[in-house]
Amino acid sequence: MAQTIAPVVSAAPRPDPAVAELLQTVVDTARAIFGAQASSIMLLDAAADELIFEAVSGQGQEFLVGRRFPAGRGIAGWVAASGEPMVVDDLHDSTSFDRDIAESTGYVPNALMAAPLIRRDRVLGVLEVLDPSPQARSGLPELDLLGLFARQAAVALHVLTTHEPRPAPDAPATPDDPSRTELRRLLSEARRLLGE
């Protein structure tokens, strides 16, 4: 009798709760500030050449986190490859827009803004705001604001990938490293912007 062996699936490490909270706060804040239907942070998995939804606010937040798509496709792929932000007011006329990917997420936007998450000259991912209000995508100051949120996310990712494991609860207290202090400051600032 043939035996079926299920593939071993290794669980992805759970992100630091403070980092996960910051990423979610970044997308929630970006969505609120830009009057958007949705906002998301996608991380670049360079080894697999894919972008992975890490935090989502609005349309798709119930099922998109963890979903992957090829890093070389769509506007998010272009932003990740170029390291440059992009605003597209009419996606129907955009040759960079990958409608198939959008349809696979269950939401096809009409307009979007995207900014790279950059840390020390390395693109870590992309922050997107889908269907922002027309006034919110009207100029350079708005793109700069989106860049601020992308920098917050990049700091969070830096902490996620470089901080030391947390000590046991009964271990003596040690001073925080500067990255964690910066993470707390950014989280506090994001909460202030949200009015929490």
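Mentor: Let's begin with the rule for pairing: two strands pair if DSSP finds at least two bridges between them. Keep in mind that this is a predicted model.

Trainee: Fine. In what order do the six strands form the sheet?

Mentor: The order is S3-S2-S1-S6-S5-S4, the sheet is open, and the pairing is antiparallel. Along the chain, the elements run α-β-β-β-α-β-α-β-β-α-α from the N terminus. That comes to five helices and six strands.

Trainee: How do you know that S2 and S3 pair?

Mentor: Set the count against the rule. Three bridges join S2 to S3, and the rule asks for at least two, so they pair. In one of these bridges, isoleucine 52 has arginine 68 in S3 as its partner. S4 and S5 also have three bridges, again antiparallel, and there valine 87 stands opposite methionine 113 in S5.

Trainee: And how do you know that S1 pairs with S2 and with S6?

Mentor: S1 and S2 have eight bridges, and S1 and S6 have six. The rule wants at least two, so S1 has a partner on either side. You can look for serine 39 opposite serine 57 in S2, and for methionine 42, whose bridge partner in S6 is valine 126.

Trainee: What makes S3 and S4 edge strands?

Mentor: Each of them pairs on one side only, and S4 covers 86-88. While you have the sheet in view: neighbouring strands are turned by 25° against each other on average, direction ignored.

Trainee: What about S5 and S6? How many bridges do they have, and how many residues lie between the strands?

Mentor: S5 and S6 pair over eight bridges, antiparallel. One of the facing pairs is alanine 114 and glutamate 128 in S6. Their hairpin has two residues between the strands. Arginine 120 is in that loop, between S5 (112-119) and S6 (122-130), and aspartate 121 is found there too.

Trainee: Why is arginine 120 called exposed?

Mentor: The cut-off for exposed is over 50% relative accessible area. Arginine 120 comes out at 66%, so it qualifies. Aspartate 121, at 80%, is exposed by that rule as well.

Trainee: What is the phi of each of these two residues?

Mentor: Arginine 120 has a positive phi of about 50° although it is not a glycine. For aspartate 121, also not a glycine, phi is positive and near 65°. You'll find a positive phi in the hairpin of S1 and S2 as well: it has four residues between the strands, and aspartate 49 takes a value near 55°.

Trainee: Let's go inside. How do you know whether S1 is enclosed or open to the outside?

Mentor: Count its buried residues, those under 20% relative accessible area. Seven of the eight residues of S1 are buried, so the rest of the structure largely encloses this strand. S5 is mostly covered, with six of its eight residues buried. In the whole protein, 43% of the 196 residues are buried.

Trainee: What makes up the largest nonpolar core?

Mentor: This core has 27 residues, and among those with the most contacts inside it are Leu23, Phe34, Ile41 and Leu117. H1 (17-33), S1 (38-45), S5, S6 and H4 (140-162) each supply at least two residues. The largest share, nine residues, comes from H4. Leucine 23 touches Ile41, Ala153 and Leu157, among others, leaving aside residues up to four places away in sequence. A second, separate core of 24 residues includes Phe69, Ala80, Phe97 and Leu112.

Trainee: Why is the pair of phenylalanine 53 and phenylalanine 69 called an aromatic pair, and how is it classed?

Mentor: Ring centres have to lie within 6.5 Å. Here they are 6.0 Å apart, so the rings pair. The planes make 50°, and since stacked needs under 30 and edge-to-face over 60, the pair is tilted. By this rule the count comes to one aromatic pair.

Trainee: Which strands hold the two rings, and are they buried or exposed?

Mentor: Phenylalanine 53 lies in S2 (residues 50-58) and phenylalanine 69 in S3 (residues 68-70), so the pair ties together parts that are 16 residues apart in sequence. Both phenylalanine 53 and phenylalanine 69 are buried.

Conventions
Residues numbered from 1 in each chain as written. Predicted model: local features only at pLDDT ≥ 70, side-chain atom pairs only at ≥ 80, totals over all residues. Heavy atoms only, no water. Buried < 20%, exposed > 50% of the residue type's maximum accessible area, 1.4 Å probe, protein only. Axes fitted to C-alpha atoms, helices over the stretch in contact; angles between N-to-C directions. Core = buried A, V, L, I, M, F, W, Y, C linked by side-chain atoms within 4.5 Å. Contact = heavy atoms within 4.5 Å.
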